[in-house]
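Reader: I am in my first year and still learning how to read a structure. Could you choose a single part and take me through it slowly?

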Amino acid sequence: MSALERSPRGGAVQRLGRMVPFPAGASMARALVERNIRAYRSRWITLVSGLFEPVFYLFSLGVGLGALIGQVDAGGGRMIEYAAYVAPALMAAAAMNGAIFDATFNVFFKLKYTKLYESVLATPLGPRDVAVGEIAWALLRGSLYSTTFLLVVAVSGMARSWWAVLAIPTATLIGFAFASAGMALTTFMRSWQDFEYVNISILPMFLFSATFFPLSTYPEALQWVVQATPLYHGASLVRSLMLGDVGVGLVVHVLYLVMMGLVGITFAARRVERLLLT
Amino acid sequence: MVAQPDDPPLIAARGLTKHFGDFTAVDGIDVEVRRGEAFGFLGPNGAGKSSTMRMIGCVSPPSGGTLRVLGMDPITHGSQIRGRLGVVPQRDTLDEELTVRENILVYGRYFGLPRSVIRERATELLEFAQLSERADELVEPLSGGMKRRLTIARSLVNEPELLMLDEPTTGLDPQARHALWDRLFRLKRSGVTLVLTTHYMDEAEQLCDRLVVMDGGRIVAEGSPRQLISEHSTREVLELRLATDDHELYEAKVSDLATRVEVLPDRLLLYTDDGDAAAKIVHERGLAPLSTLVRRATLEDVFLHLTGRTLID
């Protein structure tokens, strides 16, 4: 029994692991989340660096560039500071990026090179546990980022409503949608080159999903394309919460993201089964 | 733990088959393994050993036949079965992002064991694998033998009733192999049922109470190492080296002295129950061999006889 094992950090792993609710049929997924937390202990710096990216964007674009832009139309002719407009989108995009990174690059590495899942599937864990465990870990990591970001936003006075607190679970939902879809797609990847497809789809979404400028700037035809992207729904949802524009209309955004996540996670589990349990 | 004859078998396969597309990896085999036994699958590469092991380990659904492991069906009770198995795969799948000790701790959690129990077992298992001094180092720099020992230690964290080892000592140096055999002997003595695949005949003779020889997805022989030798070979082998470039020319001159004669590029193998008597006659016939060697027949002779000398890749 080592000193490390008895230290409070061991207890923290346990508590973090318990916080995550796991669906039926994937009750063993918790063990995989614990494994990932342990693996990150020795390279916590890669975890911490993810905190800064959205904050840097916020101050560079929102505050810096925002001073030149002034106010923008938040919909219905209501004018708000550019920083307050862009902050929710940055939070949604950070949730997307974090989830995609864990569920694609990291999962591919484990699938293809370290053969982690082969050893995991020799134990009572099944493919569903693997999918749920990896996605739950991506969400846990993503929640850390979105919570920190929201604190920065709140302290800087860019959040207009107490509804903003709900931006944290929303960011987790965005992460769920992207991590699930990302993991499912990763099971089809053959080499690192295939990840260019991920970059090609993520970057335009980050830039054009009504993130940095309003939907109304697009011609009508393009508005439909923008509205079809998942990040548009994520960013709109977080923005409505931060500005306090809460209404029944938000249910559409929630449903879109929930559906995307459920389809993705189901598919991911099936693919892991088909790839490894041959 | 001595197996009672009326104990249900730990593994029971009937007509077990595995197809991959058009290719038949396992072609209708019948196998029974009883508690406390050390059972071996022998065969050249591609004989179907690993496919069979994967089906028993519940990570590969059978294409046909019936399979029961610990009395349960792998299709419906895979997770429960795996919870009572220990698996040592052909290639080490250690978690290189974790330390030696963490590999055991985390693996134990996959079996849903409480942390306090795993911690205690990890200390014992590291002792068993002679890795206590490396416990808090990362896995990556360990030698091949150490990684293998850690893989075995890790597979024991759930105190399995059945330990499945796929080519446990392939690629290890002689010292590391003997160290591993020593560990496996101790496990066998403590009552763990061992199922292993190997293409090392000395390994099979050392460790297995009973074995099957597989070739092309089928079982071609079955029994204890001694039984297999007496059934498929003679008691002794006389190796004759003659002063010739073509040993085949001499085959007819000695064929009456042995049950079977095998011609190799550099010698003749005479399978006979009395090697010394045969050697004497060879000398009397004036064949003047460069050297004669009488040795006991080994499992290797059986193996090569049954599966052929052609190289299989």
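Author: Let us look at strand 12 of chain B, keeping in mind throughout that this is a predicted model. Strand 10, residues 236-241 of chain B, pairs with strand 12 of chain B in the antiparallel sense, and five bridges hold the pairing. To place one of these bridges on the structure, find B:Glu239, whose bridge partner in strand 12 of chain B is B:Leu269.

Strand 12 of chain B also runs antiparallel to strand 11, residues 260-263 of chain B, and four bridges join these two. Here B:Val261 can serve as your guide, since its bridge partner in strand 12 of chain B is B:Leu270. If you follow the chain between strand 11 and strand 12 of chain B, you pass through a hairpin of four residues.

Next comes the question of surroundings. A residue is called buried if 20 or more other C-beta atoms lie within 10 Å of its own, and five of the five residues of strand 12 of chain B, residues 268-272, are buried, so this strand is largely enclosed by the rest of the structure. In a regular strand the side chains alternate between the two faces of the sheet. In strand 12 of chain B both faces are covered, with B:Leu268, B:Leu270 and B:Thr272 buried on one side, and B:Leu269 and B:Tyr271 buried on the other.

A word of care about confidence belongs here, although it concerns another chain. The mean pLDDT of chain A is 87, yet over residues 1-9 of chain A pLDDT stays under 50. Where pLDDT is low, the predicted coordinates should not be read in detail.

Conventions: Residues are numbered from 1 along each chain as its sequence is written. Chains are lettered from A and ligands numbered from 1 in the order in which they are written. This is a predicted model: local features need pLDDT of at least 70, side-chain atom pairs count only at pLDDT 80 or more; totals for chains, interfaces and linings use all residues. pLDDT is the predictor's confidence in each residue, from 0 to 100. Two residues are in contact if their C-beta atoms, placed from the backbone, lie within 7 Å. A residue is buried if 20 or more other C-beta atoms lie within 10 Å of its own, exposed if 12 or fewer, and partly exposed in between; C-beta atoms are placed from the backbone. Two strands pair if DSSP finds at least two bridges between them.
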